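Welcome! Please open the structure in your viewer and keep the selection panel at hand. We will go from the whole chain to a few single residues.

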Amino acid sequence: MDPVDIGLWGVPLAILGGAIRVSTPFIFVSLGECLTERSGRINLGLEGTLVFGAMSGYAIAYQSGNPFVGVLAAALAGACFGLLHGWICKFKGVNDIAVGIAMMLFGMGLAFFFGKPYIQPQAPDLPAIPLGWWSSVPQVQAALQVNVLFIAGGLLAVAMAWMFKSTRVGLIVRVVGDSTDAARAMGLDPDRVRLLSTAAGGALAGVGGAYLSLYYPGSWTEGVSSGQGLMAIALVIFARWNPINCFWAALLFGGAGALGPALQSVGVTEGYYLFFAAPYVLTLALLILTSSPDRALQGAPLELSLTK
């Protein structure tokens, strides 16, 4: 179907569609990091987990012919990375930030090594739901092609917020994240809680990686992530460790990422590549705006190394 000229309305429409497509990895990685940090541990290795999840999901989807099997494989790979990170960090004197950086490089190196045979083959894509069926305008139909993982991410954000607020599991994670001594006094094992939280967070980051390689952009290359795993950590701080806020913040980052292509669609080509830097500029701006002279970050888990 040929596109219809809708003038400047094409800009917000393209940003909306781009935000939905681009934000999904941010949603999963930020929710995973939110869960990990609420347990009192920071995992900077999610960039490596994201890249390895993209590679493993693409490879398994290609070998099996089923993209959902690829998503499960990426989640399993991410959980393994999270377990390794959590296991190393339980030893006394180990810094979780340094371990995270090492895990990031480790994950990216493994992905580049094992992923070379899968750069050329074409794996099956994840399906999309055509929510724009009610419109006859092709641009509206294209913008509202929503992947099932985006919807799953939104539901997961609501479920995680409910878990933190109203369930015993959420209470345990919050207690461990706020005070290791109080958790031990309650008979809890902080190391085990953080290990499981980091593993679950890694699994979510792996799913985000599978989305990159199996839907948007929909191929496996070594530069598929472009630092989205690291930006998601800044996103969690901006969202104040709230899963619902993580979802909206991910949409904001996704919209920033879609700004360049949206302007190009209406003929604005001046400074096109500069607009591609919008998500990175937004990350820097948010880090500056959310910084605090007294290092007291509102809503931050008290055992988090960022707050000490």
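This tour goes through a predicted model, stop by stop.

**Stop 1: the whole chain.** Show the chain as a cartoon and you will find 14 helices and two strands. With a radius of gyration of 20 Å, close to the 19 Å from the globule rule for 308 residues, the chain is as compact as a globular protein of that length. Turn on the C-alpha trace next: along its principal axes it spans about 65 × 45 × 35 Å.

**Stop 2: inside and outside.** Colour the chain by accessibility. Of the 308 residues, 52% are buried. Now display the surface, where the chain exposes about 14300 Å², with carbon and sulfur atoms supplying 69% of that area. If your viewer can draw contacts, look at those with a separation of 6 or more: 76% of them link residues 24 or more positions apart.

**Stop 3: the charges.** Select the charged side chains. You should see 15 positive and 15 negative ones, and the centres of the two sets are 13 Å apart.

**Stop 4: the cysteines.** How many disulfides does a search of the whole structure find? The search finds zero. Select Cys80 and Cys89: the Cys89 sulfur is the closest cysteine sulfur to that of Cys80, yet at 16 Å it is too far for a bond. Cys80 counts as partly exposed because its relative accessibility is 45%. Cys246 is in no disulfide either, and its nearest cysteine sulfur, in Cys34, lies 4.4 Å away; a disulfide would need the sulfur atoms within 2.5 Å. Is Cys246 buried or exposed? With 0% relative accessibility, Cys246 counts as buried.

Methods:
Residues numbered from 1 in each chain as written. Predicted model: local features only at pLDDT ≥ 70, side-chain atom pairs only at ≥ 80, totals over all residues. Heavy atoms only, no water. Helix = DSSP H or I, 4+ residues; strand = E, 2+ residues; numbered from the N terminus. Rg over C-alpha atoms; globule rule 2.2 N^0.38 Å. Buried < 20%, exposed > 50% of the residue type's maximum accessible area, 1.4 Å probe, protein only. Contact = heavy atoms within 4.5 Å. Areas by Shrake-Rupley, 256 points an atom, 1.4 Å probe, with all protein chains shown as cover. Lys, Arg positive; Asp, Glu negative; His and termini not counted. Charge placed at Lys NZ, Arg CZ, Asp CG, Glu CD.
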